[in-house]
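Reader: Hello! I am new to this structure and would like a close look at a single part of it. Could you pick one strand and walk me through its surroundings?

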Amino acid sequence: MWRGPVLSEVEGAAPACREHPQSRGGNRARLAALSPTTRRRFLGQCAVTAAATWLRPGLAPASSAPGLHFPSEPRQRIAVASYPFREFIAGSDHKPGNPTIDLKDFAAHVVEKFRVNKIEPWTGHFPSADAKHDAKYLEQFRAAVERARAAIVNIAVDGEHSPYSPDRSEREQAVAFSKLWVDAAVALGSPSIRTNLPPAKNVKPDLDRTADSLLRVVERASAKNVVINLENDNPVSEDPFFLVKLIEKVNSPWLRALPDFCNTLAAKDADYAYRGIDAMFGHAYGISHVKSSETNSQGITVRVDMAKTFGFMKQHGYKGYCSMEWDDAGDPYAGTAGLIETTLQYLS
């Protein structure tokens, strides 16, 4: 989970950055005349706008529903999450003695190691609270992904403020945090983010307050052609059936489910878990997390019935990406390679 400070939200649309060829000289002169701070801000806003154009060519302007075109070839539907490689990626979780990978180079690394050209970065792997929303870093990250001939298909966003807290100021921080990551998704060319729902202290999950908070996030996201996903992660506020009720209450095509194969299975009995993931796939759109096993907090390793779970995927006509998120003991490289092979078998 991201534990850095919450950034303040900046409202307002970026200025138009496109120009007619005959006006370029005048624009250069106006840019040169800007103060350094204003000029940097203008260029940063242009970088965000350009990223949306360059990296998301198949998307139309903001519309009433997302219109992503997913590949049909099995390997092209596979992505690799950065989270399992946290002991190798530069940051607080990096393990001394391991090679160090910068997040912006993760796409090239995945292409080399797995012959997969899609990634799902985790917010905990962005270098700092400043860098993850700095236009220059995002531009460098985007450029590195482009050089690798790869793409970001989702950003796994972890915040620390609950969207259903009785404290209004905490809910406001949760909304602002998710909105900022919507803007970062635009800059990086990601069609979606997964925002988390941290529990509120001493309060049960509240459907109405959570829906109200998420509706505000979805309003920003839909205007920018970014899908918001909810994952069955923590068993308190991200129970699969609670998420389904929440998605149905918000009732927007821009709010979807991200079914995780194993998280609920590690916390609940098998019948509950499989009914939950079945319900999640009924609301899924662009991203799911493939796992084959997980060891829970009691030290018990649970194993996924892959045939049953991929069966739910096919029954619901899911056409989106399958992100490999190895989350068990052992080598994440070997674990991810195994997940890829298994996934290819079921998608073929």
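Author: Gladly; here is a walk around strand E6, beginning with the chain it belongs to. Please keep in mind that this is a predicted model. The protein chain holds 10 helices and 11 strands, and 50% of its 348 residues count as buried. Among contacts between residues at least 6 apart in sequence, 79% link residues at least 24 apart.

Now to strand E6 itself, which spans residues 227-231. Five of its five residues are buried, so E6 is largely enclosed by the rest of the structure. You can check this on each face: Val227, Asn229 and Glu231 are buried on one side, and Ile228 and Leu230 are buried on the other.

Next, look at the strands that pair with E6. Strand E5, residues 192-195, runs parallel to E6, and three bridges connect the two. In this pairing, isoleucine 193 has isoleucine 228 of E6 as its bridge partner. E6 also pairs with strand E7, residues 255-258, again in the parallel sense, through four bridges. Here isoleucine 228 is matched with leucine 255 of E7.

Finally, follow the chain from strand to strand. Helix H6, residues 207-223, forms a right-handed β-α-β unit together with E5 and E6. From E6, the chain then passes through helix H7, residues 240-250, to reach E7, and this β-α-β crossover is right-handed. To retrace the path in the viewer, start at E5, go through H6 to E6, and continue through H7 to E7.

Terms used:
Residues numbered from 1 in each chain as written. Predicted model: local features only at pLDDT ≥ 70, side-chain atom pairs only at ≥ 80, totals over all residues. Heavy atoms only, no water. Buried < 20%, exposed > 50% of the residue type's maximum accessible area, 1.4 Å probe, protein only. Pairing = 2+ DSSP bridges. Right-handed = clockwise from strand over helix to strand, strands pointing away. Contact = heavy atoms within 4.5 Å.
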